[in-house]
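Work through these exercises with the model open. Each task is followed by a stepwise solution.

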Amino acid sequence: AADLRIAIDRLLSEHAFLTVQALEAGITDDEQFAAAAEALEANTTELEDAIAGIYDEDAGRRFGDLWRAHIGYVVDYTRATQGGDAAAQQRAVDGLEAYQREFVAFLAGANPHLSEETLHHLLEDHLGQLQQVAHLQSGDYDTVYAVAREAYGHMFELGDGLARATAEQFPERFSGRTFAFGPAVDLQVALDRLLGEHAFFAVEVMRLADADPEHQRAASEALASNGRSLTATIADIYGEDAGAGFAAIWEQHNGYYVDYVRARL
């Protein structure tokens with residue numbers, strides 16, 4: 001059960017950040033978008049395989065079809081927003097609403113421990129966050145990255161809910177439910193979450209080294225904010241002195257990332 005929780009959380013949170021990258025690329029650069037879309041498809045295939053491994057191949061394919069549809073609608077919404085095409089924007093919203101109904105019905109039908117009400121709430125939050133990120137062209141990058149952090153963190157809530165329900169449905173296959181949602185695994189998931197988020201924002205900062213200065217600043221602040229969250233976690237475990245020592249080293253290595261990329265340009 002612990003392995004299941006960690007694996008689902010990783011795949012869903014990776015989906016959130018890869019989607020943000022695809023949305024960023026989708027309004028600026030076709031070549032970058034193709035690369036981002038390829039990474040997003042690889043993540044979707046892993047999720048599809050995970051569902052097939054839990055249920056069967058038909059369930060995996062059905063999940064994959066629905067999951068790909070919602071990614072497409074979010075990209076369509078982003079491009080329609082950029083182009084000021086209200087009709088296309090509404091078509092994308094309608095598609096997302098239809099996806100949500102189908103996806104909730106699929107998940108609730110597959111697992112009796114998942115309620116449609118809970119699933120609707122979790123998916124509404126996720127889709128709403130992605131629609132906010134889609135407004136990248138507004139130039140409010142601080143809000144975009146704040147919402148990206150929310151979307152990323154939210155996927156751990158969805159992942160935990162799916163993992164808990166799956167372990168309840170198949171207790172012999174996924175043993176150790178109490179341990180899986182106890183303090184030790186909670187700590188592992190919290191660290192996984194923060195370190196994964198660090199990796200995303202470090203890539204963003206490096207990727208934007210020669211981009212709009214305001215975009216650079218917002219990405220750098222998001223990376224710094226993640227560092228403060230990591231520092232607080234270390235301080236909670238080992239004490240304030242250890243937290244301060246960690247912060248000094250962590251901030252230094254972030255700076256070297258940026259220095260290296262700028263030196264290469």
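**Exercise 1.** Which residues line the second largest cavity?

Solution. The model is a predicted one.
- Step 1: list the lining. Val205, Leu208, Ala209, Gln216, Ala219, Ser220, Val258 and Arg262 line this cavity.
- Step 2: assign elements. Helix 9 (213-238) and helix 10 (240-264) are the elements that give two or more residues to this lining. Helix 9 gives the most, with three residues.
- Step 3: sort by class. The lining of the second largest cavity divides into five nonpolar, two polar and one charged.
- Step 4: add the volume. The second largest cavity holds about 40 Å³ of space.

**Exercise 2.** Describe the largest cavity, from its volume to its lining.

Solution.
- Step 1: count the cavities. The whole structure has two cavities of 30 Å³ or more.
- Step 2: take the volume. The largest cavity has about 220 Å³.
- Step 3: find the centre. The lining has 19 residues, and Ile8, Ile51, Phe63, Leu107 and Leu162 lie nearest the centre of the largest cavity.
- Step 4: assign elements. Helix 1, helix 2 (30-54), helix 3, helix 4 and helix 6 each give two or more residues to this lining.
- Step 5: sort by class. The lining of the largest cavity has 17 nonpolar residues, two polar and no charged ones.

**Exercise 3.** Characterise the largest pocket.

Solution.
- Step 1: take the volume. The largest pocket holds about 300 Å³.
- Step 2: find the centre. Of its 17 lining residues, Arg10, Ser13, Glu14, Tyr152 and Gly196 are the closest to the pocket centre.
- Step 3: assign elements. Helix 1 (2-26), helix 6 and helix 8 (183-207) give two or more residues to the pocket lining. Helix 1 gives the most, with eight.
- Step 4: sort by class. The pocket lining has nine nonpolar, three polar and five charged residues.

**Exercise 4.** Examine helix 4: its span, its start and its cover.

Solution.
- Step 1: check the span. Helix 4 (residues 86-110) has 25 residues and reaches 36 Å from first to last C-alpha, close to the 36 Å expected.
- Step 2: look at the start. Aspartate 85 caps the N-terminal end of helix 4, with a side-chain oxygen 3.3 Å from the backbone nitrogen of alanine 87.
- Step 3: look for burial. The buried residues of helix 4 include Tyr99, Phe103 and Leu107.
- Step 4: name the cover. Helix 3 (57-83), helix 5 (116-133) and helix 6 (141-169) are among what covers the buried residues of helix 4.

**Exercise 5.** Is alanine 180 buried or exposed?

Solution.
- Step 1: locate the residue. Alanine 180 lies in helix 7 (residues 177-180).
- Step 2: apply the cut-off. Alanine 180 counts as buried because its relative accessibility is 0%, and buried means under 20%.
- Step 3: list the neighbours. Leaving out residues up to four places away in sequence, alanine 180 touches Ala1, Ala2, Arg5 and Val185.

Technical notes:
Residues numbered from 1 in each chain as written. Predicted model: local features only at pLDDT ≥ 70, side-chain atom pairs only at ≥ 80, totals over all residues. Heavy atoms only, no water. Helix = DSSP H or I, 4+ residues; strand = E, 2+ residues; numbered from the N terminus. Expected span 1.5 Å × (residues − 1). Buried < 20%, exposed > 50% of the residue type's maximum accessible area, 1.4 Å probe, protein only. Contact = heavy atoms within 4.5 Å. Polar contact = N/O pair within 3.5 Å; in protein donor to acceptor, adjacent residues only side chain to side chain. 1 Å grid on protein atoms, 1.4 Å probe; cavity = no way out; pocket = protein on both sides within 12 Å on 5 of 7 lines; lining within 4 Å. Points joined across faces, edges and corners; volume = space filled by probe spheres on them. Nonpolar A, V, L, I, M, F, W, Y, C, P; charged D, E, K, R; others polar.
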